[in-house]
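Biologist: Hello, I am new to this one. Could you show me the structure and let me ask about its parts?

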Amino acid sequence: MSRALTVLATGPLALIEDLGRPGHAHLGVPPSGALDVPSLRLANRLAGNPEGAAGIECVLGGLAVRAGTSCTVAVTGPSVPVRVNGHLVDSHAPVHLRADDVVELGSPLVGIRNYLAVSGGITVPPQLGSRSTDVLSGIGPAPLAAGDVLPVGDPVEPPTGEDAVPPLNPVDFLTVPVVLGPRDDWFTGAGAQLAASVWSVSPESNRVGLRLLGDPLRRAPGFDGRELTSEGVVTGAIQVPANGRPVVFLADHPTTGGYPVVGVVPARHLAVLAQARPGTRIRLRG
């Protein structure tokens, strides 16, 4: 028996993610890592891992893995059907597996991303100090495919379990705070414009950025057609391209950008954006 998970199915997209590789922006490398950090941390605690262990980020369900030996798994994020050998089990709780048991994730009822942690963590070789897949730069393991065998480390602690851990309950209308700047002066009454607009999440959104649809932001007099020298951007930055429709940068964002950044979403509010499905309505309040 080997300490490994064999991937049987991936659904639309399944990636290995941990807490990312911050500190490499000077090399042009994004921070990457789980988009919904609290959900990954919780899954690892439930499985008895350090919170930063690598797990699987699964988009819209469909993941199926077979255990190579006895282990404990935990699935977090929004509410989702979880089955072991075809039988429903609890999410948001430790689930003990025997060798050859198969875990399957259905489609989440709301939200978009679930996280599966396994005792010992997934131990693919790290790159720049992280096992995370970065879809922009291509650093880290490739997106998972059926037949992949994922090595798993030795358990560190017994699974902790947490009483009455509720699943996330993403909603279809979000109000998200924004710290204005550094280029809010490029827009007429930036704070008022943001607060007055209701945006919807574009189907073209991904781990690089949450693209928003709605009435374009209006530039201030003297800034129409003006170009900006590329400058550094951070996770949560709201970049406004020439079409005036904001993009909220997520974990795999580029490290520089040539469009003005009207504001930044504080880090503690990014997890809820990571769970926003296409069509979710969002108000950005500066």
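What follows is a short exchange of questions and answers about this structure.

Modeller: Happy to help: this is a predicted model, where local features need pLDDT of at least 70 and side-chain atom pairs count only at pLDDT 80 or more, while totals for chains, interfaces and linings use all residues. Residues are numbered from 1 along each chain as its sequence is written, and side-chain values use heavy atoms, with hydrogens and water left out.

Biologist: In what order do the six strands of the open antiparallel sheet stand?

Modeller: Strands here are DSSP runs of E with at least two residues, helices are runs of H or I with at least four residues, and both are numbered from the N terminus. Two strands pair if DSSP finds at least two bridges between them. Following the pairs across this open sheet gives the order β7-β6-β9-β4-β1-β11.

Biologist: Why is one side of β7 and of β11 left without a neighbour in that sheet?

Modeller: Strands of a sheet pair through backbone hydrogen bonds, either parallel or antiparallel. β7 (87-89) and β11 stand at the edges, so one side of each has no neighbour, and the reason is that each has a single partner strand.

Biologist: Which residue stands opposite R83 in β9?

Modeller: Strand β6 (residues 82-84) and strand β9 (residues 102-105) run antiparallel and are joined by three bridges. Opposite R83, in β9, stands E104.

Biologist: Where is N85, and is N85 buried or exposed, or in between?

Modeller: N85 lies in the loop between β6 and β7, and its phi is positive, about 55°, although N85 is not a glycine. Buried means under 20% relative accessible area, exposed means over 50%, and partly exposed is in between, using a 1.4 Å probe and protein chains only. With 39% relative accessibility, N85 is therefore partly exposed.

Biologist: And S32, is that residue buried or exposed?

Modeller: S32 also belongs to a loop, the one between β2 (13-17) and α1 (37-47). S32 is not a glycine, yet has a positive phi of about 55°. Its relative accessibility is 6%, so S32 is buried.

Biologist: What does S119 touch?

Modeller: S119 sits in the loop between β10 (113-118) and β11 (149-151). Because its relative accessibility is 5%, S119 counts as buried. Taking contact as heavy atoms within 4.5 Å, and leaving out residues up to four places away in sequence, the residues touched by S119 are R3, A47, N49, C71, T72, V152 and G153.

Biologist: You mention C71; why is C71 not bonded to C58?

Modeller: A disulfide is a covalent bond between the sulfur atoms of two cysteines. The rule used here asks for a pair of cysteine sulfur atoms within 2.5 Å, and by that rule there are zero disulfides. The closest cysteine sulfur to that of C71 is in C58, and the distance is too far for a bond: 17 Å.

Biologist: Are these two cysteines buried or exposed?

Modeller: C71 has a relative accessible area of 9%, so C71 is buried. C58 has 0% relative accessibility, so C58 too counts as buried.

Biologist: Which strands are at the edges of the eight-strand sheet?

Modeller: This open sheet has mixed pairing and the order β12-β21-β14-β15-β18-β17-β20-β13. An edge strand pairs on one side only, and the two that do so are β12 (173-177) and β13.

Biologist: Which residue in β18 stands opposite G209?

Modeller: Three bridges link β15 to strand β18 (residues 247-249), and the two run antiparallel. The residue of β18 opposite G209 is F249.

Biologist: And what is the bridge partner of I238 in β18?

Modeller: Strand β17 (residues 237-239) runs antiparallel to β18, with two bridges joining them. In β18, I238 has as its bridge partner V248.

Biologist: Which residue is joined to G181 by a cis peptide bond?

Modeller: The bond has an omega of about 5°. The partner lies in the loop between β13 (179-180) and α2 (190-196), and its name is P182.

Biologist: Which residues are closest to the centre of the largest pocket?

Modeller: A pocket, on a 1 Å grid over the protein atoms alone, is an open set of points where a 1.4 Å probe fits, with protein on both sides within 12 Å along at least five of seven lines, and lining residues have an atom within 4 Å of a point. The largest pocket holds about 390 Å³ of space, a volume filled by probe spheres set on grid points joined across faces, edges and corners. α1 and α3 (270-274) each give at least two residues to its lining. Of the 18 lining residues, the closest to the centre are A34, L35, V37, T235 and L270.
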